[in-house]
Amino acid sequence: MIDKETFGNRTALFHTFGCKLNFAETSTVAKMFAAVGIHRVQDGDIPDYIVINTCSVTEMADKKCRQAIRSFARRYPEARILVTGCYAQLKPGEVATLPGVAIVAGTDHKLNLIDYLREQEQLDHDHVTTRHTVTKDIRTFSPSCSQDDRTRHFLKVQDGCDYYCSYCTIPMARGRSRSGSIAQIVSQAREVAADGGKEIVITGVNIGDFGKGTDETFTQLCRELDKVDGIERYRISSIEPNLLTDELIDFTSASTKFMPHFHIPLQSGSDEVLKLMRRRYDTALFRSKVERIKHVMPDAFIGVDLIVGARGETEERFEESRRFVDSLDISRLHVFTYSERPGTRALDINHVVSQEEKHRRTRIMLALSEKKLKEFTAGYTGKIRPLLLEHPRHDGSMAGFTDNYLRVIVDNPDANLANTVIPVRIGEYDPTEECSTGTIVT
């Protein structure tokens with residue numbers, strides 16, 4: 001049995017790829033390791049274990065995961081490498097052949113790594129343990145919460161997806177939609193508050209689907225989280241436009257804790273491409289959600305996901321998408337270049353966009369994003385907004401985000417102000433740093 005007497009002097013290095021959900025889960029794994037005496041490496045330490053939580057949203061993501069595994073194996077040849085996450089779920093056999101890999105744990109085995117280490121201690125160093133459940137059979141929900149290197153906590157409330165968009169492998173890697181209970185999630189939020197946390201980002205694969213199969217809903221969850229003492233801010237991470245209800249928008253507008261900040265995946269501004277993608281909305285619905293948000297929360301920051309170069313995106317459809325996005329009152333784009341994924345229905349779509357053309361379209365949309373962000377930020381120059389200060393930086397300054405997600409840097413504030421919300425007057429915007437200067441208002 002793994003215990004502190006056996007493992008008290010051992011260390012682990014944790015490396016995470018991909019989404020905020022992965023980071024939350026890695027944090028939970030690290031806490032489990034610490035509970036049995038295996039602590040994070042410090043500068044100069046040689047790790048006994050390397051835990052790599054992988055992503056597989058694109059072919060490039062797979063490649064980066066393979067490169068990292070090989071790199072760690074070269075640097076730390078005596079360390080046992082534990083690989084989990086979406087890449088491990090989708091391609092366990094491939095991962096098991098990579099150098100240094102001792103354990104491959106699929107999606108629903110991520111929180112069992114300590115048990116697999118216990119088995120490994122009795123085996124030859126070259127033995128590879130693989131634990132994998134066929135994705136369609138994954139039913140368990142594993143709660144997770146992490147703190148980033150600033151001040152925010154990422155609280156996982158939901159996992160998996162039932163949408164099966166034509167381009168996406170997430171349902172194959174994460175399984176069916178499933179959630180924690182409201183009572184379970186609220187309990188975790190109270191723990192964050194007791195630990196001094198001020199801001200929680202609500203995360204998951206398809207968070208608007210929270211409570212599917214039960215009588216609980218995502219809006220009900222938000223209402224209960226709003227009652228937790230000590231938490232001053234919540235942010236709703238990516239939520240599907242067809243699940244972003246008017247009730248939720250109006251609740252956010254009325255709440256003092258839920259920030260005027262939304263992240264909504266669009267993926268294409270062409271209705272024809274949306275149909276090919278098997279998305280569950282059209283551009284008219286998407287526009288209506290943006291307009292309602294801006295009507296009740298004029299200061300709201302709205303981030304939008306967009307895929308360029310998907311199969312079926314002709315030049316005409318791309319231009320249609322660009323015009324639609326340009327017409328929206330949004331704050332920023334997160335632009336993704338389409339990547340072919342084995343096993344997806346998108347491979348049956350005939351029109352293929354060349355790599356050169358994909359990159360050209362990506363540059364166009366990134367330039368549009370920069371314009372949107374600059375215009376949104378410039379509108380707040382000279383205005384006062386509440387800012388949650390992060391920990392001091394190397395030069396003594398502090399950065400943070402306003403309620404409506406403007407990144408602001410304050411020069412030489414009192415270090416005791418870290419992790420507190422203060423009013424700041426927003427100064428000039430620096431597009432190279434994507435942030436503004438700020439002055440504390442006393």
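This report covers a strand barrel, salt bridges, a buried helix residue and two backbone outliers in a predicted model.

## Barrel

Strands S16, S17, S18, S20 and S19 close, in that order, into a five-stranded barrel with mixed pairing. From one strand to the next, the twist averages 50°.

Within the barrel, S17 covers residues 398-402 and S18 covers residues 407-410. The two strands run antiparallel and are joined by four bridges. Phe-401 has Arg-407 in S18 as its bridge partner.

## A salt bridge at the barrel strands

Arg-385 and Asp-403 form a salt bridge, with 2.9 Å between the closest N and O atoms. Arg-385 belongs to strand S16 (residues 384-389), while Asp-403 sits in the loop between S17 and S18. The two residues are 18 apart in sequence, and the pair links distant parts of the chain. Both Arg-385 and Asp-403 are buried.

## Salt bridges between helices

The model has 38 salt bridges in total. One of them joins the side chains of Arg-223 and Glu-247, at 3.6 Å from N to O. This pair links helix H9 (residues 218-225), which holds Arg-223, to helix H10 (residues 246-254), which holds Glu-247, across 24 residues of sequence. Arg-223 has a relative accessible area of 37% and is therefore partly exposed. Glu-247 also counts as partly exposed, because its relative accessibility is 46%.

A further salt bridge is formed by Arg-360 and Glu-315, whose closest N and O atoms are 3.1 Å apart. Arg-360 lies in helix H14 (residues 355-378) and Glu-315 in helix H13 (residues 315-327), with their positions 45 residues apart in the chain. At 29% relative accessibility, Arg-360 falls between the limits of 20% and 50%, so this residue is partly exposed. Glu-315, at 35%, is partly exposed as well.

## A salt-bridge network

Some charged residues are linked in a network of salt bridges. The members are Glu-25, Lys-110, Lys-156, Asp-159, Arg-174 and Arg-178.

## A buried residue in helix H11

Where is Val-273 placed? Val-273 is in helix H11. Its relative accessibility is 1%, under the 20% limit, so Val-273 counts as buried.

Leaving aside residues up to four places away in sequence, Val-273 touches Ser-268, Gly-312, Glu-313 and Arg-317. The C-alpha atoms of Val-273 and Arg-317 are 7.3 Å apart in space, although 44 residues separate the two in sequence.

## Positive phi at non-glycine residues

Arg-278 is not a glycine, yet has a positive phi of about 65°. This residue lies in the loop between helix H11 (271-277) and helix H12 (283-296). Is Arg-278 buried or partly exposed? With 40% relative accessibility, Arg-278 counts as partly exposed.

Asn-419 likewise has a positive phi of about 65° without being a glycine. The loop that holds Asn-419 runs between S18 and strand S19 (421-430), two of the strands in the barrel. Asn-419 has a relative accessibility of 15%, which is under 20%, and therefore counts as buried.

How values were computed: Residues are numbered from 1 along each chain as its sequence is written. This is a predicted model: local features need pLDDT of at least 70, side-chain atom pairs count only at pLDDT 80 or more; totals for chains, interfaces and linings use all residues. Side-chain values use heavy atoms; hydrogens and water are left out. Two strands pair if DSSP finds at least two bridges between them. Axes are lines fitted to C-alpha atoms, for helices over the stretch in contact, and angles run from 0 to 180 degrees between N-to-C directions. Buried means under 20% relative accessible area, exposed over 50%, partly exposed in between (1.4 Å probe, protein chains only). Contact means heavy atoms within 4.5 Å. A salt bridge is a side-chain nitrogen of Lys or Arg within 4 Å of a carboxyl oxygen of Asp or Glu.
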